[in-house]
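User: Please take a close look at one part of this structure and explain how that part sits within the whole. I am a first-year student, so a connected account that reasons step by step would be welcome.

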Amino acid sequence: ALSTPIIMGISLWLIVEISFRISGILSARIFPRIEADTRMSMFDYVMHHSHLYFSNHMAGTTANKIADMPQSMTRLLQQMIFLFLPVL
C-alpha cells in the first residue's frame with residue numbers, strides 16, 4: 001500500500017535534484033559566456049557611435065551602461081529559466 005507513494009516521493013526528489021544540478025551547470029558555464037559576449041557586443045556597438053550621442057540620449061556614463069547590460073540580461077534569463085520554466 002505504501003510502495004506507490006514512496007516511489008512517487010523518490011521520483012519527485014530525483015527530479016528536483018536533477019533540476020537543481022542543471023541550474024547549477026547553467027549558472028557556472030553558460031551565464032558567464034553570455035555576459036562576456038554581451039559585454040563585447042556592447043563595446044563594439046559603442047565604438048561605432050560618438051560619445052556625444054550617448055551623453056545626449058542616455059543617462060549615466062558609457063562604462064556604466066556597458067557594465068550594467070550583461071548583469072541585467074543575466075538576471076532576466078535567470079528569472080525566466082529558474083522561476084517560470086519549473087512552473088510549466
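Analyst: A residue is called buried when its relative accessible area is under 20%, exposed when it is over 50%, and partly exposed in between. By this rule, 14% of the 88 residues of the chain count as buried. The model is predicted, and the account below concentrates on helix 1, after a brief view of the whole.

The chain holds 3 helices and 0 strands, and from the N terminus its elements follow the order α-α-α. It exposes about 7200 Å², of which carbon and sulfur atoms supply 70%. Among contacts between residues at least 6 apart in sequence, 64% join residues at least 24 apart.

Helix 1 covers residues 3-47. Its 45 residues reach 64 Å from the first C-alpha to the last, a value close to the 66 Å expected at 1.5 Å a residue. The helix nevertheless has a bend of about 35° at Ile 30, and a proline, Pro 32, follows within four residues.

Consider next the surface of this part. Leu 2, Ile 6, Ile 10, Trp 13, Leu 14, Ile 18 and Ile 22 make a nonpolar surface patch of about 740 Å². One of these residues, Ile 22, is found in helix 1. Ile 22 has a relative accessible area of 46%, so it is classed as partly exposed.

A charged pair is also found in helix 1. Side chains of opposite charge can pair when their charged atoms come close. Arg 21 forms a salt bridge with Glu 17, and the closest N and O atoms are 3.0 Å apart. This distance satisfies the cut-off, because a salt bridge requires a side-chain nitrogen of Lys or Arg within 4 Å of a carboxyl oxygen of Asp or Glu. The two residues stand 4 residues apart in helix 1, about one turn of the helix. Arg 21 is exposed because its relative accessible area is 58%, whereas Glu 17, at 29%, counts as partly exposed. A search of the whole structure finds 1 salt bridge.

The buried residues of helix 1 include Ser 23, Leu 26, Phe 31, Thr 38, Met 42 and Val 46. Thr 38 shows how the label is reached: its relative accessible area is 10%, and therefore it is buried. Apart from residues up to four places away in sequence, Thr 38 touches Met 69, Pro 70 and Met 73.

Which part of the chain do these contacts involve? A useful guide is Thr 74, which lies in helix 3, residues 62-87. Thr 74 is itself buried, because its relative accessible area is 6%. With residues up to four places away in sequence not counted, Thr 74 touches Phe 31 and Glu 35. The C-alpha atoms of Thr 74 and Ile 34 are separated by 7.6 Å, although the two residues are 40 residues apart along the chain.

Ser 27 adds a further link across the sequence. This residue is placed in helix 1 and has a relative accessibility of 33%, so it counts as partly exposed. Leaving aside neighbours within four places in sequence, Ser 27 is in contact with Pro 32, Gln 78 and Phe 82. The C-alpha atoms of Ser 27 and Gln 78 are 8.4 Å apart, while 51 residues separate the two along the chain.

To draw the account together, helix 1 contributes Ile 22 to a nonpolar surface patch and carries the salt bridge between Arg 21 and Glu 17. Thr 38, buried in helix 1, touches Met 69, Pro 70 and Met 73, and Ser 27 is in contact with residues including Gln 78 and Phe 82.

Methods. Residues numbered from 1 in each chain as written. Predicted model: local features only at pLDDT ≥ 70, side-chain atom pairs only at ≥ 80, totals over all residues. Heavy atoms only, no water. Buried < 20%, exposed > 50% of the residue type's maximum accessible area, 1.4 Å probe, protein only. Contact = heavy atoms within 4.5 Å. Patch = residues over 30% accessible without salt bridge, like charges linked within 9 Å, V, L, I, M, F, W, Y side chains within 5 Å. Areas by Shrake-Rupley, 256 points an atom, 1.4 Å probe, with all protein chains shown as cover. Expected span 1.5 Å × (residues − 1). Bend = angle between axes of the 7 residues up to and from the residue.
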